[in-house]
Amino acid sequence: MSKKIKQIAIYGKGGIGKSTTTSNLSAALSDMGYKVMQFGCDPKADSTNTLRDGTYIPTVLDLLREKGSVDAHEAVFRGYNGIYCVEAGGPAPGVGCAGRGITTAVSLLKQQKLFEELELDYVIYDVLGDVVCGGFAVPIREGIAEHVFTVSSSDFMAIYAANNLFKGIQKYSNSGGALLGGVIANSITQPIQRKIIDNFVERTGTKVMEYIPRSLTVTKSELAGKTTIEADPNSEQAGIYRSLAKNIDEHTQSVTPTPLNLEELKAWAAEWSDQIMAVEVGEVNSKGAAI
Ligand code: ADP
Ligand code: MG
């Protein structure tokens, strides 16, 4: 009997830390003994680099363009601790629909029953920023992923992208779409940044999976072409990624988020702008309590 594969998708604004977080999550889950596939869905095709000493792999779309038809095994490469690495790839820049690449790549592997053959425990889709076109919503819309997580900092544009993602999830939630597991708060270094994220998840009926600080350990590991889990397993940062992996592993119930509409989001941002200003002029300390 085939076991249940846990399929999750990671979304978030470009450059926010999706691939970094996803690769460390894959590495940590793999260290826990799970069989993991990381499926890069960004046309940049660099999702799995730090699992493979900083190297690029040929993408599913590249292989299809070169050869016409592809045996799914040819698109799968092994990375750290045997993690299966796949990159969907994208069309030549400026032509075609990048989202379609995801559909094509996922169906290729599914048709050939590769996930079952490899007896995977986890498939982690590293998707991308806004759900800007139907293609990128595929992992949500078609129930490919069961749980969606979003990486966000406390910056407004990152929260704006997360809120848009919530709108996408809400839209497909009645037709078997994926639901939201939670927010992975990245680059959180100051107490007020944590408070901003906490307030956003409270307003949208979601939760924080882990708070990940901005850390030079991550920079150093990336420059060495590795995840922090591999390059610096005893660091505090690696411990935080392991804690994230444990929280995601234990997570079972995802929810339909309640996104803010544009007016609400603007009002929410204005409130926080006032709070930050108050911190700056010293009316309140950074924990938000009046001095
Ligand atoms: P995305 O996949 O969302 O486009 P990346 O994972 O490629 O973003 O991250 C963008 C940059 O930010 C990378 O150089 C990465 O090393 C850095 N980064 C991400 N998270 C952290 C962190 N917690 N601490 C330090 N640097 C980080
Ligand atoms: Mg990326």
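In this tour, a residue is called exposed when its relative accessible area is over 50%, and buried when that value is under 20%. Keep in mind that the model you have open is predicted.

**Stop 1: helix α2**

Select residues 60–67, which form helix α2. Start with the side facing away from the buried one: there you will find R65 and E66, both exposed. Now colour V60, L61 and L63, the buried residues of this helix. Why do the buried residues line one face of α2? Turn the view until you look down the helix axis: the buried residues fall within an arc of 160 degrees, so they line one face. Before leaving, step just past the end of α2 to G68, where phi is positive, at about 85 degrees.

**Stop 2: the two domains**

Next, colour the protein chain by domain: residues 6–259 make up domain 1, and residues 261–291 make up domain 2. If you place a centre in each domain using the C-alpha atoms, the two points are 31 Å apart. Where the domains touch, domain 1 contributes twelve residues and domain 2 contributes 13 residues.

**Stop 3: the nonpolar cores**

Which residues touch the most other members of the largest nonpolar core? Select M37, F39, L109, F115, Y125, V127 and V148; the core they belong to has 57 residues. Then add helix α6, residues 156–172, which supplies the largest share of this core with six residues. Both domains take part, as domain 1 and domain 2 each give at least three residues to this core.

A second core lies apart from that one and holds 29 residues, including I16, I57, F149 and L244.

Go back to V127 and show its surroundings. Leaving aside residues up to four places away in sequence, V127 touches A9, I10, Y11, K18, C41, D42, I102, F136 and P139.

**Stop 4: ligand 1**

K18 leads on to the last stop, since K18 touches V127 and is also among the residues that come nearest to ligand 1. Select the surroundings of ligand 1, which comprise 17 residues; G15, K18, S19, T20 and E222 come nearest.

Three atom pairs are worth drawing as dashed lines:

- N186: one of its polar side-chain atoms is 3.0 Å from a nitrogen atom of ligand 1.
- S215: here a polar backbone atom lies 2.9 Å from a nitrogen atom of the ligand.
- E222: an N or O atom of its side chain sits 2.8 Å from an oxygen atom of ligand 1.

How values were computed. Residues numbered from 1 in each chain as written. Chains lettered and ligands numbered in written order. Predicted model: local features only at pLDDT ≥ 70, side-chain atom pairs only at ≥ 80, totals over all residues. Heavy atoms only, no water. Buried < 20%, exposed > 50% of the residue type's maximum accessible area, 1.4 Å probe, protein only. Helix = DSSP H or I, 4+ residues; strand = E, 2+ residues; numbered from the N terminus. Arc of directions from axis to C-beta. Core = buried A, V, L, I, M, F, W, Y, C linked by side-chain atoms within 4.5 Å. Domains from an automatic or database assignment. Contact = heavy atoms within 4.5 Å. Near = heavy atom within 4 Å. Polar contact = N/O pair within 3.5 Å; in protein donor to acceptor, adjacent residues only side chain to side chain.
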